[in-house]
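The following exercises ask the reader to work through chain contacts and symmetry. Each task is followed by a solution in steps.

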Number of protein chains: 4
Amino acid sequence: MVVILKQGTSKDEIVKITKNIEKRGLKVSTVVGDKLIVLGLIGDTSKVDSTILEANDCVERVLHVQEPFKRANRMFKPEDTIVDVNGVKIGGGHFGLIAGPCSVESEEQIIEIAKSVKKSGATMLRGGAFKPRTSPYSFQGLKDEGLDLLLKAKKATGLPIVTEIMSTDYLDRFANDVDVIQVGARNMQNFELLKELGKIRKPILLKRGLSATYEELLMSAEYIMAGGNDNVILCERGIRTFETYTRNTLDVAAIPVIKRLSHLPIIIDPSHSAGKWWLVEPLAKAAVAAGADGLIIEVHNDPANALCDGQQSIKPDKFDSLVQELKMIAKAVGKEI
Amino acid sequence: MVVILKQGTSKDEIVKITKNIEKRGLKVSTVVGDKLIVLGLIGDTSKVDSTILEANDCVERVLHVQEPFKRANRMFKPEDTIVDVNGVKIGGGHFGLIAGPCSVESEEQIIEIAKSVKKSGATMLRGGAFKPRTSPYSFQGLKDEGLDLLLKAKKATGLPIVTEIMSTDYLDRFANDVDVIQVGARNMQNFELLKELGKIRKPILLKRGLSATYEELLMSAEYIMAGGNDNVILCERGIRTFETYTRNTLDVAAIPVIKRLSHLPIIIDPSHSAGKWWLVEPLAKAAVAAGADGLIIEVHNDPANALCDGQQSIKPDKFDSLVQELKMIAKAVGKEI
Amino acid sequence: MVVILKQGTSKDEIVKITKNIEKRGLKVSTVVGDKLIVLGLIGDTSKVDSTILEANDCVERVLHVQEPFKRANRMFKPEDTIVDVNGVKIGGGHFGLIAGPCSVESEEQIIEIAKSVKKSGATMLRGGAFKPRTSPYSFQGLKDEGLDLLLKAKKATGLPIVTEIMSTDYLDRFANDVDVIQVGARNMQNFELLKELGKIRKPILLKRGLSATYEELLMSAEYIMAGGNDNVILCERGIRTFETYTRNTLDVAAIPVIKRLSHLPIIIDPSHSAGKWWLVEPLAKAAVAAGADGLIIEVHNDPANALCDGQQSIKPDKFDSLVQELKMIAKAVGKEI
Amino acid sequence: MVVILKQGTSKDEIVKITKNIEKRGLKVSTVVGDKLIVLGLIGDTSKVDSTILEANDCVERVLHVQEPFKRANRMFKPEDTIVDVNGVKIGGGHFGLIAGPCSVESEEQIIEIAKSVKKSGATMLRGGAFKPRTSPYSFQGLKDEGLDLLLKAKKATGLPIVTEIMSTDYLDRFANDVDVIQVGARNMQNFELLKELGKIRKPILLKRGLSATYEELLMSAEYIMAGGNDNVILCERGIRTFETYTRNTLDVAAIPVIKRLSHLPIIIDPSHSAGKWWLVEPLAKAAVAAGADGLIIEVHNDPANALCDGQQSIKPDKFDSLVQELKMIAKAVGKEI
């Protein structure tokens, strides 16, 4: 951490703020320039709240030198984290292919889709039981019944299930029955939920918030990991920008950036990124080429009658041919799907 | 709602989709142009999910004509909503002046600040007991003890208290003890929390999410109101943009826009908007001039030692002189503080 | 400037990069921490290109401590710049009220509006002769004839004229006939144009680009000032964000921020900010309350038949009553309009 | 175009605005719903200025149904445009690989790099002679001398040259000597420049502005094409978002979206998108996988001493190995590099 003091800060003030920082167990190296005075803070600054320093009248700005996340930081754990989901691995060269409908609608629907995506190569099944909808008047998911149906589909296919949790009220059920617990973009900074998920050991799929920076995403992972749960899979699902033709803007650079900053696996959701079914294919391909550890794709056998997100779902046969192409791209970049 | 069909859509397909829409209780008026075919939907479209229509192969785009929110919509309730907080009114010409520290730190601190801001003209006391922090290693608030101290400050000054809820786990305590329950920007789309808040009758202060549109803010209000709780106060607290000099960008146009779209009161948080104490004054003035129904301002007696957000807090004497200036601006625009 | 080196950078590499920097006439102070090494650069860093430093393998990041603009920087010229437009002053307590139609359409139109806005208190007349339009098929302005008509309106009212230049081809004519030469948001980084405007001495009204940071706006002013023309008036006219209900988002904080960073006057364009006539009034009021040095407002006597931007123009009588209200707000904040 | 009228608009007003629209050669189909009245405009609406309609008091909103660009629109020209650059083709299955330094620095530098990138497979040489720099104090390019050196490199290698024009002052020289004239992101809406480029027949490389929508990019292409020059190559080079870790955010979805909306070739600039050399490789791969028609990559033989953008340039050997990998990805998606 580097603290920039205002021009004209007196020696007394420099001594005062220096002592104040040293009290927190840090060393201070002072650089006095022509126009500005800089304090270099040496030691573990992750627990120093920069806003408190900024509240001092003599402080112009505080610059962060080190990332504030520690357990999620590749600097402190250079090797890739591999998350194990009932034997299905993701990260460190293992590609996770998660597919399924936006929401679970019926036993026939979920089992049919599960069988179909498994045949095409999916390694996990997604399906929403609790749905975060912008409107209170939209379909909110089958809830508990949806979870029951997911379990039936798991039994029928052996695919581990991935589904979203929206409240700590359901934590016990999810901890028991769900293989990968998803935290949606809108809950990425629902810190109470993250803390609770840190107390269990189930893998967590943490989606990047619509306007979350890389650092904020990793700090949310840090919340879970600080509780002792290191099984975190990150997911880029499009960010909000000025462009409104697409639902969101897929930030494909998130893949190499997150891989550099962190050891956690990062997967891509091409369905929510674009919000249009015909964009799923090119975005999925881009993700694999850029080195993603996995994909989560919405597949529906009857998009025009889907209870949600039909416009961004692809049909099973489209998914099947897409997987074949993805395998070739993976091979071209030295990976395997 | 207006549905744009693709060029070359056959008559049969038009008939099919028309029937499909009419099944939902709507009438359809068809306009056939040179290059495009347009279906105008007549009736209550608030319960039609446009994404389902978009999933049809023949649909090019769906355009929304009417806002999807109903209870929050000024079209259906033209007169301003006035929220009554233990006799302190806000909205419909009543200005709410909420002030206090970012977080409750001690009995002395909160009572001293409460007395001071009351003397300056504040009508409610703010203070965080549960703090949503980006880092798990930052101070998380005094929690239950913080609520106890707020109640002591209320007793000492008579000011109603405003504080943030972060989880449904604490709903009972908040419903009993807190006068205005705040939903933070990061929880604006925590729909499970919103639904629960719709079941009680306490006033809710709903903050706009960092990248939430006006419509999304109003849809989140609709979640609360759909449950029967109409006591919603909206709050613009800065949105996330490309400009990083300020913490966020205050969207001052939110005031007249929200007033046009909705009957709910809208207040401004100049402290979080800018993230710098020297910007609180000009932004608060701008808000009053633009017609805000209130302000929520962070005031701290010792910002340099505040446990959070010291850099954006102003001191009590600054707050006092600011209120005097705000009164004059309010007068100039025909209001009263 | 502060240079962060990578963990594990060898002493030899530190010596090498240090010598490289010292060659540019700067001193280097080295801080070696547990995990990172920081070089503090002392001296005039405005001519050091940080991207060159970042190209070194051992460099993690370069942090800017000082602003890269010099002539526009308040640090080097603490007193406000007052721009004199044929005797009409703007900046340093002098409020500039610029009004007129989006585009000049006819002699009657421009003279009628000019007389009307002058009567209401405008100190300068705006009117587009060369119009930057998104579509090549839209009305592009009356061009030279438009300038002729503006001169007639100036003769009839005495109001100095403000109009936009779109190409260096017209520089001579503008330098002769126009009182304030406007650079539009889309040309804010048309550096060739800025350089040419630096060679003349006419006041320049420089609009902030749609996605320009404060620093970039001031660097564009620096281009003009580096050529010797210090008569620069800055203009905030709304930035592009994710919110599409309004045409742009007025960044009202730009007023106090620019005033802190620079001595140049800053005015607000509430018409382009919002793109809706009914938002002009509240945004203009907010701007005055926040301390703007002036306003530029689109006024049209027949908006529904205007050749451009009719939707964001207000009528002369509305402008007249608005000015009365603005005067009262100005008084409330210790200013005079 | 669909015009939404306000609730309560009288029959007389509907008749008046309908006649007003019909005067422009369009037919109007009126849909009267419970709460709103909708006018469907039938015919060529590309020359109707929607802002004029919005200026009518009775108009609530105007919705665009058809894209406002015509010559650039795939609807009117379904087959891919293939741009021919002295025999080197781009678009319609032909991949353009443009490489070279950010700026031309010396004869040795540009010839060495040109030979090297040619050997690796580049089909065109890039190199800046006129450089748009944020700071007036940064290196501005060798200008005319830079163009001379590019011609020498062209002579030495046979590679067509791609370089940026910054002002119409140099149009004659560029029209004579340059093979592909680049319009930079900051000049994407420099309409006077675009109009002049429409009058010549040289291929134009048009870069997307930092905050330009797809539609605005295509409207800028339309400016060039409206003048008769159909040889336009579009380039996505990253957009400005809230994320500041990368210089810009590459919008990889721009590739399939532009291909759907337009017949023009679209290439990707992975160097400016990210602003970090280690991101060039994954972003280039993503672009090829998503179907880009080409790439423009900054290659420098000595990035740490480059006069500009060294931090985002890759070295020739890196470029060489990258091209080999890109060829395999291209093959996997049925293309050829």
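The exercises below concern a predicted model.

**Exercise 1. Describe the interface between chain B and chain A by its residues, its area and its polar pairs.**

Solution.

Step 1. Begin with the residues in contact. Chain B supplies 51 residues and chain A supplies 49 residues.

Step 2. Turn to the area. About 4,400 Å² is buried between chain B and chain A, and carbon and sulfur atoms give 49% of that area.

Step 3. Count the charged pairs. Two salt bridges are found between chain B and chain A. In a salt bridge between B:R240 and A:E216, the side chains meet at 2.6 Å, N to O. This distance satisfies the cut-off of 4 Å for a salt bridge.

Step 4. Count the polar pairs. There are 17 residue pairs in polar contact across the interface of chain B and chain A, with both residues at pLDDT 80 or more.

Step 5. Assign the chain B side to elements. Those giving two or more residues to the side that touches chain A are α2 (50-54), α6 (191-199) and α7 (214-226) of chain B. The most comes from α7(B), with five residues.

Step 6. Classify that side. The side of chain B that touches chain A comprises 19 nonpolar, 16 polar and 16 charged residues.

**Exercise 2. Is B:Q140 buried or exposed, and which residues does B:Q140 touch?**

Solution.

Step 1. Locate the residue. B:Q140 lies in the loop that runs between β8 (124-126) and α4 (144-157) of chain B.

Step 2. Compare the accessibility with the cut-off. The relative accessible area of B:Q140 is 13%, and buried means under 20%; B:Q140 is therefore buried.

Step 3. List the neighbours. Leaving aside residues up to four places away in sequence, B:Q140 touches A:K195 and A:Y223 in chain A, together with B:A129, B:F130, B:K131, B:R133 and B:S135 in chain B.

Step 4. Examine the polar atoms. The side chain of B:Q140 is in polar contact with that of A:Y223 at 3.2 Å. A polar atom of the B:Q140 side chain is also 3.0 Å from the backbone oxygen of B:S138.

Step 5. Add a pair that is distant in sequence. B:Q140 and B:L307 are 167 residues apart along the chain, and their C-alpha atoms are separated by 9.5 Å.

**Exercise 3. Which residues of α6(B) are buried, and which elements do they pack against?**

Solution.

Step 1. Identify the buried residues. In α6(B) they are B:F191, B:E192, B:L193, B:L194, B:L197 and B:G198.

Step 2. Identify the partners. These buried residues pack against α5 (171-177), β10 (180-183), β11 (204-207) and α7 of chain B.

**Exercise 4. What rotation superposes chain A on chain D, and what turn lays chain B on chain A?**

Solution.

Step 1. Treat chains A and D. Chain A is superposed on chain D by a rotation of 180° with 0.0 Å of shift along its axis, at an RMSD of 0.0 Å. This is the relation of a two-fold axis. The C-alpha of A:A286 is the nearest to the axis in chain A, at 2.0 Å.

Step 2. Compare their surfaces. Of the interface residues of chain A, 100% are also interface residues in chain D, so the copies meet through the same surface.

Step 3. Treat chains B and A. A turn of 180° and a shift of 0.0 Å along the axis lay chain B on chain A with an RMSD of 0.1 Å. In chain B, B:S211 comes closest to the rotation axis, its C-alpha being at 3.1 Å.

Step 4. Compare these surfaces likewise. Because 94% of the interface residues of chain B are also interface residues in chain A, the copies meet through the same surface.

Terms used: Residues numbered from 1 in each chain as written. Chains lettered and ligands numbered in written order. Predicted model: local features only at pLDDT ≥ 70, side-chain atom pairs only at ≥ 80, totals over all residues. Heavy atoms only, no water. Contact = heavy atoms within 4.5 Å. Buried area = accessible area lost by both parts, 1.4 Å probe. Polar contact = N/O pair within 3.5 Å; in protein donor to acceptor, adjacent residues only side chain to side chain. Helix = DSSP H or I, 4+ residues; strand = E, 2+ residues; numbered from the N terminus. Nonpolar A, V, L, I, M, F, W, Y, C, P; charged D, E, K, R; others polar. Least-squares fit on C-alpha atoms with pLDDT ≥ 70 in both. Buried < 20%, exposed > 50% of the residue type's maximum accessible area, 1.4 Å probe, protein only.
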